[in-house]
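User: Could you take a close look at one part of this structure for me, the charged pairs and the sheet that surrounds them? I'd enjoy one connected walk through it, with the cut-offs spelled out.

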Amino acid sequence: MICTGSDDGTVKIWDRRTRGEVMTFTSTYQVLACCFNNSSDAVFSGGIDNVIKMWDLRKKDVSLKLEGHLDSPTGLELSQDGSYLASNAMDSTIRI
């Protein structure tokens, strides 16, 4: 599975085996970064609204919002054990 974020405000989940999109989440603003959580049942996304959202793949909705960046998050990375999410943003900060 692959997740992508787009200027059209969508986060899409793709299945390589079926060679197609399997799920789409619509955000209000452009999405600049995304990554799966450790168990691949959720996707984190960050966009120009400065909020990092966790999309629950089972509920098909936002289950968590992380606020704090003063400008757009441009990168997201989950720690190997899934305990920490690191984000960098255009406000020249890295948040964990």
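Analyst: Let's start with Lys-12 and Glu-21, whose side chains meet in a salt bridge with N and O 3.1 Å apart. A salt bridge here is a side-chain nitrogen of Lys or Arg within 4 Å of a carboxyl oxygen of Asp or Glu. This is a predicted model, so local features need pLDDT of at least 70 and side-chain atom pairs count only at pLDDT 80 or more, while totals for chains, interfaces and linings use all residues. Residues are numbered from 1 along each chain as its sequence is written, and side-chain values use heavy atoms, leaving out hydrogens and water.

Glu-21 is partly exposed, at 40% relative accessible area. For these labels, buried means under 20% relative accessible area, exposed means over 50%, and partly exposed lies in between (1.4 Å probe, protein chains only). A second pair joins Asp-15 to Arg-17, at 3.0 Å from N to O. Its two ends sit in contrasting surroundings: Asp-15 is buried at 10% relative accessibility, whereas Arg-17 is exposed at 70%.

Further along the chain, Asp-49 forms a salt bridge with Lys-53, and their closest N and O atoms are 2.6 Å apart. In this pair Lys-53 is the buried partner, with a relative accessible area of 9%, while Asp-49 is partly exposed at 22%. Salt bridges with shared partners also link Asp-41, Asp-56 and Arg-58 into one network. The structure holds five salt bridges.

Now to the sheet. Three strands form an open sheet in the order β1-β2-β3, paired antiparallel. Strands are DSSP runs of E of at least two residues, helices are runs of H or I of at least four, and both are numbered from the N terminus. Two strands pair if DSSP finds at least two bridges between them. The edges are β1 (2-5) and β3 (20-26), each of which pairs on one side only. On average, neighbouring strands of this sheet are turned by 20 degrees against each other, direction ignored. That angle comes from axes, which are lines fitted to C-alpha atoms (for helices, over the stretch in contact), and angles run from 0 to 180 degrees between N-to-C directions.

β2 covers residues 10-15 and is joined to β1 by four bridges, running antiparallel. Lys-12 of β2 is the bridge partner of Thr-4. Between β1 and β2 the hairpin has four residues, and Gly-9 there takes a positive phi near 85 degrees. On its other side, β2 is joined to β3 by six antiparallel bridges. Asp-15 stands opposite Gly-20 in β3. The hairpin of β2 and β3 also has four residues between its strands, and in it Arg-19 takes a positive phi near 55 degrees.

Why is β2 described as largely enclosed by the rest of the structure? Five of its six residues are buried, so the surroundings cover most of this strand. In soluble globular proteins, nonpolar side chains tend to be buried together. Here the largest nonpolar core has 11 residues, among them Val-11, Ile-13, Met-23, Phe-25 and Trp-55. A nonpolar core is a set of buried Ala, Val, Leu, Ile, Met, Phe, Trp, Tyr and Cys residues joined through side-chain atoms within 4.5 Å. β2, β3 and β4 (31-36) are the elements that give two or more residues to this core, and β4 gives the most, with three.

Met-23 ties this picture back to our starting pair. Not counting residues up to four places away in sequence, Met-23 touches Val-11, Lys-12, Ile-13, Leu-57 and Lys-60, where contact means heavy atoms within 4.5 Å. A second, separate core of nine residues includes Phe-44, Ile-52, Met-54 and Leu-78.

The cysteines deserve a last look. Cys-3 and Cys-34 both belong to the largest core, yet the structure holds zero disulfides. A disulfide needs a pair of cysteine sulfur atoms within 2.5 Å. The closest cysteine sulfur to that of Cys-34 is in Cys-3, at 3.5 Å, too far for a bond. Cys-35 is buried at 11% relative accessibility, and its sulfur lies 6.6 Å from the closest cysteine sulfur, again in Cys-3 and too far for a bond.
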